[in-house]
Amino acid sequence: MYDVLIIGAGMSGLAAGVRLAQFGLRVCILERHTTIGGLNSFYRRDGRNYDVGLHAITNFQPKGSKHGPLPRLLRQLRFSWDEFEWTPQLKSAVVFPAARLDFSNDLTMLESEIVRAFPSQADSFRRLVDAILPYDGLEQPRGRESARAVFAQYISDPLLVEMLLCPLLYYGGAAEHDTDFAQASVMFRSIFLEGFARPAQGVRLILKLLVRRFKELGGELRLRAGVRRIVIAGEEVHHVELDDGVDLQANSVLSSAGWCETMQLCGEQSALCEQVSPGQLSFVESIAVLDCPPQALGHPYSVLFFNDSGRFHWEKPRHELTDVRSGVVCSPNNFAYVDDNGPKEGMIRMTALANFDRWTALTGGEYEQEKVTAREAIYASAVRFVPDFRPHVVATDTFTPKTIRHFTGHDNGAVYGAPQKRRDGTTHLRNLFVCGSDQGWVGIVGAMMSGVVMANRHCLQPTVAR
């Protein structure tokens, strides 16, 4: 009998496990796969290390900062800032055909870029920032206002509205076309007011630290331990049944599998379960290893968001496998590494929207060919906005919505889960709770904070959680 069973060894599940184990609870994390991290993981191929999922962490703040999600997370998990070897970005950009906005972890760069590119909007942008500043997104709910509509109340140039929304949606938009202003405020703060960084060793360092601390505290991690179903008795979880038929019991169950996916494990078809529709937004990502650093080719940006028209279309491709009208180009080399502790080879990662249904309908041979086609299409689209790196590619790998579905279990390969979030983490069962993307906080720091806060709120005694 456990105190808490946690479904999924992604960022939120691992962070929740560490937090609970700190207080002597008997905790077991169940993971269906042979490795941890979900989509935010890593692997080795042909002698090279690859990260998947992580471009950069958002919510970065320098050492010594006391407020905001990252310092709060480190305090709750009892890690020091130095353990993660945080490496801030150099600079990033949003690029549309008619304008470019550079930004960094210092808001003054973005402000000066708006003065340059949109001089009539400078005061309006500052008023928008003032409206967002008081809201940290952790404990302050807001109504479901359209982000596009609220941004337009402050900023009269539609192009600037689209350019500001592009990074926010690419790094946290679970719904098509738009997001609510509350979520946009969280993402705006995490990207433009706090900023980007990477652990020097990539995502493997975050996962290694979480697992090591969890096990040191007496936590149990079971790999190849997928949950087949959640068995209900009355108004609570009685036990969970694993894929191999083993039954496990606990006082509470915390699921990072996603709302819809967790309800499917319960076998529930109630009106409550049907209120939340699965997300539709998934990605194709191609990783290119280069024979030189991207900066040697004239590409200085850590993360570059591009869009090929004045209107940003954030939607599931309707007819194509992949929509390359917009995308993200991440360059892991272009961070402020110290003592040459960054990647040893040049690398560029490109991400674009993709259609889960069409990708999963492909046969084996078709699937492999379409991966090549998608990779070349993403390359061709990206080099309209960055130097042509294609002659320098020495190795590639590509993942699709099928990959995302396999490693996350999310319906439709939806990276950010369902559009409707369960902010309080509760379900229709007394002792079943959700954390992670469908609770509402996204990104590496957001996912870990979700696990910690839901663990505090629902699995620890309130006096202990404080």
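## Buried or exposed

A residue counts as buried when its relative accessible area is under 20%, and as exposed when that value is over 50%. Ala16 has a relative accessibility of 0%, so this residue counts as buried. The model discussed here is predicted.

Ala16 sits in helix H1, which spans residues 11–21. Which residues touch Ala16, once neighbours within four places in sequence are left aside? They are Ile6, Leu254, Gly451, Val452 and Ala455. Gln61 lies elsewhere: Ala16 and Gln61 are 45 residues apart in sequence, and their C-alpha atoms are 22 Å apart in space.

## The whole protein

The protein has 466 residues, and 60% of them count as buried. Its secondary structure consists of 15 helices and 19 strands. Along the principal axes, the C-alpha atoms fill a box of roughly 60 × 50 × 50 Å.

How does the radius of gyration fit a compact globule? For 466 residues, such a globule would have a radius near 23 Å. The protein has 21 Å, which agrees.

Now take the contacts between residues with a separation of 6 or more. Of these, 73% join residues that are 24 or more positions apart.

## Surface and charge

The protein exposes about 18,000 Å². Carbon and sulfur atoms supply 50% of that area.

There are 49 positive and 52 negative charges. How far apart are the mean positions of the two sets? The distance is 3 Å.

## One side of helix H5

Helix H5 covers residues 147–154. Its buried residues are Ala147, Arg148, Val150 and Phe151. They span an arc of only 165 degrees around the axis, so they lie on the same side of H5.

What do the buried residues of H5 pack against? Their partners are three helices: H4 (122–132), H6 (158–170) and H7 (181–194).

## Ala197 in strand S8

Ala197 belongs to strand S8, residues 197–199. Its relative accessible area is 0%, so Ala197 is buried.

Residues up to four places away in sequence are not counted in its list of contacts. Ala197 then touches Ala56, Ile57, Phe60, Thr87, Pro88, Gln89 and Phe335. Ala382 is 185 residues from Ala197 in sequence. In space, the two are 22 Å apart, C-alpha to C-alpha.

## Two positive phi angles

Most residues other than glycine have a negative phi. Arg224 is not a glycine, yet its phi is positive, at about 50 degrees. Arg224 lies in the loop between strand S9 (220–222) and strand S10 (227–233). Is Arg224 buried or exposed? Its relative accessibility is 67%, so Arg224 counts as exposed.

Asn412 also has a positive phi without being a glycine, here about 65 degrees. The loop that holds Asn412 runs between helix H13 (401–408) and strand S19 (432–434). At 16% relative accessibility, Asn412 counts as buried, because the cut-off for buried is under 20%.

Note on methods: Residues are numbered from 1 along each chain as its sequence is written. This is a predicted model: local features need pLDDT of at least 70, side-chain atom pairs count only at pLDDT 80 or more; totals for chains, interfaces and linings use all residues. Side-chain values use heavy atoms; hydrogens and water are left out. Helices (H or I, at least four residues) and strands (E, at least two) are DSSP runs, numbered from the N terminus. The radius of gyration is taken over C-alpha atoms; the globule rule is 2.2 Å times the number of residues to the power 0.38. Buried means under 20% relative accessible area, exposed over 50%, partly exposed in between (1.4 Å probe, protein chains only). Contact means heavy atoms within 4.5 Å. Accessible areas come from the Shrake-Rupley method with a 1.4 Å probe; for residues, only the protein chains shown count as cover. Lys and Arg count as positive and Asp and Glu as negative; His and the chain ends are not counted. The place of a charge is taken as NZ of Lys, CZ of Arg, CG of Asp or CD of Glu. The arc is that of the directions from the helix axis to the C-beta atoms.
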